[in-house]
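Here are some informal notes to read alongside the model. Have it open while you go through them.

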2 protein chains.
Amino acid sequence: MSKQTTVPEPLEATERPTILDVAAACGVSPATVSNVLANKPYVKEQTRLLVQQKVAELGYRVSRAAQSLRTGRSGSVGLIIGDISNPYVAEIVRGVEEVLWAKRNNLILCNTEFYADRKMAYAGSLLDQHVEGLILVSQTFSEDEARLLGLADVPVVTVNRPCEVLRADQVGVDGAGGIRAAVQYLAQLGHQRIAFVKGAASSPSANDRYAAYRKAVRAHGLVSDAALVVQGDYTMESGSIAARELWTREAAPTAIVAANDLMAIGALGALKEMSIDVPRDVSVIGFDDIFLSNHPLVRLTTVHYSKRDIGLNAARLLMRRIEGERSDGPRTVTLDTSLIVRGTTAPPHALKGVKPLRALKVQKTHDADASAKTQAQSTRAASIARSSRRTSQS
Amino acid sequence: MSKQTTVPEPLEATERPTILDVAAACGVSPATVSNVLANKPYVKEQTRLLVQQKVAELGYRVSRAAQSLRTGRSGSVGLIIGDISNPYVAEIVRGVEEVLWAKRNNLILCNTEFYADRKMAYAGSLLDQHVEGLILVSQTFSEDEARLLGLADVPVVTVNRPCEVLRADQVGVDGAGGIRAAVQYLAQLGHQRIAFVKGAASSPSANDRYAAYRKAVRAHGLVSDAALVVQGDYTMESGSIAARELWTREAAPTAIVAANDLMAIGALGALKEMSIDVPRDVSVIGFDDIFLSNHPLVRLTTVHYSKRDIGLNAARLLMRRIEGERSDGPRTVTLDTSLIVRGTTAPPHALKGVKPLRALKVQKTHDADASAKTQAQSTRAASIARSSRRTSQS
DNA sequence: TTGTAAGCGTTATCAT
DNA sequence: ATGATAACGCTTACAA
């Protein structure tokens, strides 16, 4: 607990040496220094050593600006996202960062708050910087936007949303499959009245999931009733409102499927406040398996997939394009999902006797197929990932 | 649901025009184009218009690399963090991004996973890029590291951790005050045996908070017992283990203060699994007020402060340095905390009759003092923030 | 108000 | 195996 009393001397701020300074110090040409730095094989060992020593001695650092200007490559990738503080997104960012780091590329983070003008401004700035590629999370470019930016020659990968204009590669999650599994599981438990809380109206993924719900309800011969469907917007708040709304209507559901965990958890909160017991009175299933859902206090049954893998795949797809891969069309990676059964699901009240089927895993995870494996480039990141996915090519 | 059948034409990929192309197209010199782009006041209106039109027409974009090389300024800031997927950190990042966006600076995100070598590699790369400044979250540079990098002339701001070597500005939260308030509140409720779950051993903030706990226990004449203290590491898991550990010991506590919410919530989970009722059998208080803590299923009493404000302040401090502000010493911004009483605290079992004091807010938020207000630069960001803080100057 | 020209620090080409 | 030189695209004195 003793306090440091001597103020440490601030480090000296000195002029930054250039490659010419290093060359001069070594008595060689700048080209040679450059060759050493670039690990060119034909440099004499002795020269290499000398240069390396002087580099360290002088504290020389390349100027990326000059390097970039000369080579036309920036070594940076832009990541445009709507809301970085969404924990779901943070995981994706982490995955992206992981593979960029492996390739020593920089990640320029652009948080748009979902404003189109901010998205455009950022995209423009990224283009100014000659970013090697762009990853868009839950966002796209319209044709006009793409034209305005003139971003025809920069590879783009989108997450959770297509971008036909740019023929961008795309990674997403099999939302329909996940919802299907959720409904199927509830049907097997004996539920007939299964409600659905829709995601944000503007989101394609929300539509996919809703369509899958409808289809599954029909397939299993369950109650199909407009009063069982309520519009949410992917926020916890909206899930809470949705649950209250449902108990306002004629006949309450015996189960709720929400288009994401946040809404499911919001619903859980509202149900608790209404003293409706989960899973005794009603079962709840979410989608995403966010961190929170696994907590002992929550234990939400949900559709799981790896957020990190989404980031990993998006970045890998992008790196492949950056590294010059050509293909006839955009690639699409769709991550599989699996249903994780936790504590918020049980047979409906009336059927108390039926056994709960706890062990069931509807859509099981399987390994990447051979083609995906062959195509994967980033070995470091690949060895860390345990991504399960299907790769298709249009 | 009809599928789009016509594949849209991919946009044409064209050579990127330079400022010379624009100049030629306009019949003016490149200098003039540059002047227009830089909004120099003395350009003839007609010329300005012409140039702007041609710029749009050709889809010209400046080359940041060239610009950077020429001016020596990159317009980017590096953010070095340990774990982006930590929701607590994501909020900070959002705050930082907010003010950088306002100043049209880029944010280069570096996720170190808390590896020193990764931190160093990233810092080096950032320096290569001539970043205008660095923000370190929960990390520092040792003297050796700073020397090795030669980062004497780049402004650095640290979050949650000092960096004496570089005389870096610093922003943090008043951990001691928060813990003091928590213990005081519990004492007022009548608790005598208050346990403490420590944060990561290597973290200075963990030490601060523990010291504050000890001091407060003494000040209020509460039970001071080594058996009431258990080491955690800021993870939820460790909080869960800590709770179990506590109920392994001779006499259980009637309250637990954890050095962060994650551990408090982990403890909540373990307590639930042990069928120990909160707050009837034991009260729990956390620190951070993360998103999760406010959920109806959790309702954790906790020490609150604005994560976003931390980011906002860090970025503002940095921008001030970048804009050339000199001062005798490093600045420190310490955010105040407030105790948020929710559902996990109550008088100890024995004292059931005592009224719960729900309304008490121990450390109330007060407005920024005059000096802080005057010093604040970023008006846009400032208007958004409702940060309460103290600014000191050493 | 506009044009000329130098130079920022690299790397790539071509000689040697 | 190394060196000389040009060029990358821009900004900024300074000249006109």
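The points below take up the two protein copies, the DNA strand and some aromatic pairs.

1. Before anything else, keep in mind that this is a predicted model.

2. Start with how chains A and B are arranged. A turn of 180° with a shift of 0.0 Å along the axis lays chain B on chain A, at an RMSD of 0.1 Å. The two copies are thus related as by a two-fold rotation axis. As for where they touch, 100% of the interface residues of chain B are also interface residues in chain A, so the copies meet through the same surface.

3. Now look at DNA strand D. There are 23 residues around it, and those that come nearest are A:Ser29, A:Thr47, B:Ile19, B:Tyr60 and B:Arg70. Of the strand D atoms that come within 4 Å of the protein, 71% belong to sugar and phosphate.

4. A few backbone contacts to the strand are worth finding on screen. A backbone N or O atom of B:Ile19 sits 2.4 Å from a phosphate oxygen of DNA strand D, and one of A:Ser29 is 2.7 Å from a phosphate oxygen of that strand. At A:Tyr42, a backbone N or O atom lies 3.2 Å from a sugar or linking oxygen of DNA strand D.

5. Which elements give two or more residues to the surface near DNA strand D? They are α2 (30-37) and α4 (64-71) of chain A, together with α2 (30-37) and α4 (64-71) of chain B. The largest share, four residues, comes from α4(B). Sorted by class, this surface has ten nonpolar, nine polar and four charged residues.

6. On to the aromatic rings: the whole structure has ten aromatic pairs over all chains. One of them is A:Tyr210 with A:Tyr213, a stacked pair at 6.2 Å centre to centre and 20° between the planes. These two tyrosines are three residues apart in helix α9 (residues 204-219) of chain A, so about one helical turn separates them. Both A:Tyr210 and A:Tyr213 are buried, and with A:Phe196 they form one aromatic cluster.

7. Another pair to check is A:Phe287 with A:Tyr305, which is tilted, with 5.9 Å centre to centre and 50° between the planes. This pair links distant parts of the chain, 18 residues apart: A:Phe287 is in strand β9 (residues 283-288) of chain A, and A:Tyr305 is in the loop between β10 (301-304) and α12 (307-322) of chain A. Are these rings buried or exposed? A:Phe287 counts as buried because its relative accessibility is 0%, and A:Tyr305, at 1%, counts as buried too.

Key. Residues numbered from 1 in each chain as written. Chains lettered and ligands numbered in written order. Predicted model: local features only at pLDDT ≥ 70, side-chain atom pairs only at ≥ 80, totals over all residues. Heavy atoms only, no water. Least-squares fit on C-alpha atoms with pLDDT ≥ 70 in both. Contact = heavy atoms within 4.5 Å. Near = heavy atom within 4 Å. Polar contact = N/O pair within 3.5 Å; in protein donor to acceptor, adjacent residues only side chain to side chain. Nonpolar A, V, L, I, M, F, W, Y, C, P; charged D, E, K, R; others polar. Phe/Tyr/Trp six-rings, centres within 6.5 Å; stacked < 30°, edge-to-face > 60°. Buried < 20%, exposed > 50% of the residue type's maximum accessible area, 1.4 Å probe, protein only.
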